[in-house]
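Thanks for opening this one up with me. Here are some notes to read alongside the sequence and the 3D view, taken point by point.

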Amino acid sequence: MDDLVGLAVIVILVVVAGAICGLIALVQLNGLKQEVAVLRAKVTHLQTHKPISQSEPQSEASTAQAALSRSEPIAHKTQPNLTSQSVSPPVINQPSAPPKKAKPAEASAIELLFNKLRAGFEQNWMTWIGAIALAFGGIFLAKYSLEAGLLSPVMRLSLGGLFGLGLIAAAAYLHHKRIIFEGFNNYIPAALASGGFITCFALTLLAYSSYDMLSPTVAFFTLAVIAISASAMALRLGPLLAVLGIIGAYSVPIWVSTGSGNLFALFMYVGFVSLSAALVAHKVQRAWLWYLLWAGHIGWYLVGFTLLKINTVWLMGTFALLSIIGLIAIPRLGLKLNVIEHRPHSLKRLINVLPDHALLLAFIAPLIFTMLISHFDMQWQTIGVLSIVLMLFLVLKNSRWDIWQAVALASAALLVISAERTHLSPNLFDDALFIFKNEYGLGLFLGLLLTAFGLYYGKKQIKRLAFHITGAFSVFVMIATLYTLIPNSALSTAYPLWAVVLFVVAAILIKLAQHNTTLFQRFTYWVGANANITLAITMLLSDSGLTIALAVQVLLISVLIKRYSVPMPHWPIKALVAALLLRLTLSPWTPSYDALTVFGLHWSIVVYPLCIALFFAAAKCFDSSKLKIWLEGAALHCLALFITTETSYQLVGHYPQFDSLNFYEQILLTCNWLALGCVYLHRAKLAGTLAKLYQVAGFALVGLAGLFAIKTLLDDNPLFESLYIGELPIFNWLLLLWLVPAGLTLWLAKLVKPINAKATPFILAVAGGFILLAINSFIRQYWQGPYIYLSKGASNAELYSYSVIWLVMGAGTVIFGHLKNQLLIQKVGLGILAAVIVKVFLIDMANLEGLLKALSFIGLGLSLVGLSWLFQKLRSRVNPV
């Protein structure tokens, strides 16, 4: 069984090793193929299109022939039919005939990769099978000697070690003598060395785990020496051996654990391995070696958090900061950090700096997250501040890291939040100087530090916009963070200082915006100043004041863009508007807003209309722009929220609770959502690229309104249940229950017709049903009062009134349809008249007897015939033969 397992392992390793070798070999082989194709194309072109002297073709042909002869052995192995392939020669010095584009390869990418792997395996399969077989041969020899008892454990391990060292020595000798190939393509020495190192690695593990001949410490360092030696030898034999060394070195703590949980020793070892691997990767110049290095280093860094203790916090922070310097800064800036770049970059280029951003977040994000969930103390505070200082220092060295200023600002805000969670105490605010202590003093210090940093270096390097943004918004962000943390009872103490700081910074920004600044700098400083002033005013107001302040900020930014014609991207304004709309949407169902008032009025009466006005005013600043449609859509959303929430609040004293709506709330929501759905569908005609979004929102609102209308019709229908609908005729709840939805449904049919004409008749039928219910209910309410349920019965006067009113309406409908030449309206009117006549003779005259009853049916027949004749005559006038 063990032999089968060993054989399976050999097969897997052979496939993997052959695939890697084939990829590397075929990269160079493709280069040779391209060179041969170019030379062959030149020869063909010179022979067929351009008269040349006798000496020139000889030299060209001889050069091409020499190149072909040099590459022939390799090409013959991998592509036997290379000479039979047709190559399109490039057009040289012929402007009238541009070069043809190469046709895409017929084979798929997977087939191409498979062919490359197969070709590489065919070239070196025997070499790697032999190397792996040697390695497993040493392992199985040691195992056999153990089972047979032929040699003592020490002798067995010694012989195995000598075997592995012999393979390594043979590999070094072959490479030194250059017997096989040259350079990094020397596969046979690399394969022999890999077998030797695998043998030594396995024997060390065998001595530690099976024989107990080595202590954990000795085994740990022995395996580390073997892995690092493999990496060092990779400098001579190539990157494949480096893979073995890097993986082996990083895996040593997995195989051998001392059980001490010594985080310092672990990080010292990982740092030493990473340094060695970085030197190897830099020397060998293979990108995927860096990937292995990053994966191993970051992996053990994350494992370190599982061993974190109170007295090792400084160690985690130091390791993270040194890792940022070693893995990001030094490769970019050099060992002395003297490779400096100050040129400005676009936002797109700043975002696409890889892998620097990913590596930074890999080290900073776990550190900040652990800080948030841990007990905050001086160690965490020091580490957090040092990480911010390090990021700002690196920004000064390389302008491609300008976006790290945002990471530093976010880290500062999270640092303050972490401190607040730990130092939260009811007695903290008894001392008036609390604003200078703990998280409040830290937040104010970081805000001023970042502001000074941004303004100072923004003045020295004007074109780097990130400095200006940091200087304009750091105090705003930090004080806003503190404002969200401080309880309302302590705000009166902190507000004077914060307001002074905000106004002073705003004044500085306004002053800087007026003197020797670029357009973007002026715009950024104006927006930052407005933000600071708005926040200072907001703190005087209630929670809804922040919402108003953000809406005002949207308007101010829009005015500044229009005034200074700033070609600013739209996404920052869209992001601000989206955040504001989310806040406005969730506020009605937030408990803290239940009893909130603004200027003595309930907050929604003030905030929603004000935001609607601000959004529409901001939209006026963008003529024929997509942002104009976006802002108008935000205003419509606020209108929808206002109508939905305020009507219910004024009716029942709270915002809609959709799982427990009463009869009147359902009526209001049906009208509100149906009207808003029609508005959204109407807006879709002018929305351009956002038309689809408006249509989806409109149909969603219409669908919700339809569900409430069906629920009202089936469950809460005043015709079936005793529900109060009002005392006044017409101006009662029936108006909103059926007549208003009827008019909105007619508008909906007009809006839906261009989108889906087949749905229009159905919508018109629904509108007709609403009208029928509305008119009959109005008539019944007139006779029955505020309760119109049918079980109360109906008087003869009520029955006759139905007939008279519908008779007048039917006749009016027929006349209107005739005047407008609308056959459909005429049909509806005649249908109404027919229904009235049937009702009169079957219901109103149901109590007649004898001759009167006979005459009533004769009159019914004659009336129906007359109506039919009238309909035919009207149709003949509309469509003459």
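1. Let's start with I298, which belongs to helix 9 (residues 287-306). Please keep in mind that the model is predicted. Is I298 buried or exposed? With a relative accessible area of 15%, I298 is buried, because the cut-off for that label is under 20%.

2. Which residues does I298 touch, once those up to four places away in sequence are set aside? They are L359, A362 and F363. You can also look across to S323: I298 and S323 are separated by 25 residues in sequence and by 9.0 Å in space, C-alpha to C-alpha.

3. F363 turns up again in an aromatic cluster, where its partners are F267, Y301, F305 and F319. It is a nice group to display together when you first explore the model.

4. On aromatic pairs in general, a search of the whole structure finds 21. Take W673 and F708: their ring centres are 5.5 Å apart and their planes meet at 45°, so this pair is tilted. W673 sits in helix 23 (residues 663-684) and F708 in helix 24 (residues 691-714), so the pair ties together parts that lie 35 residues apart in sequence. Both W673 and F708 are buried.

5. Another pair to view is Y724 with Y787. Here the ring centres are 6.0 Å apart and the planes are at 65°, so the pair is edge-to-face. Where do the two residues sit? Y724 is in the loop between helix 24 and helix 25 (733-752), while Y787 is in the loop between helix 26 (760-784) and helix 27 (796-819). The pair therefore links distant parts of the chain, 63 residues apart.

6. How accessible are these two tyrosines? Y724 has 33% relative accessibility and counts as partly exposed. Y787, at 32%, also counts as partly exposed.

7. A charge over a ring is worth a look too. The charged end of K792 sits over the ring of Y789, at 5.6 Å from the ring centre.

8. Finally, do visit helix 21, which covers residues 603-619 and has 17 residues. From first C-alpha to last, helix 21 reaches 24 Å, close to the 24 Å expected at 1.5 Å a residue. Its buried residues include W603, V606, V607, Y608, C611, I612, L614 and F615. As you compare their positions, it helps to recall that an α-helix has 3.6 residues a turn, so residues three or four places apart point the same way.

Conventions:
Residues numbered from 1 in each chain as written. Predicted model: local features only at pLDDT ≥ 70, side-chain atom pairs only at ≥ 80, totals over all residues. Heavy atoms only, no water. Helix = DSSP H or I, 4+ residues; strand = E, 2+ residues; numbered from the N terminus. Expected span 1.5 Å × (residues − 1). Buried < 20%, exposed > 50% of the residue type's maximum accessible area, 1.4 Å probe, protein only. Contact = heavy atoms within 4.5 Å. Phe/Tyr/Trp six-rings, centres within 6.5 Å; stacked < 30°, edge-to-face > 60°. Lys NZ or Arg CZ within 6 Å of the ring centre and 35° of its normal.
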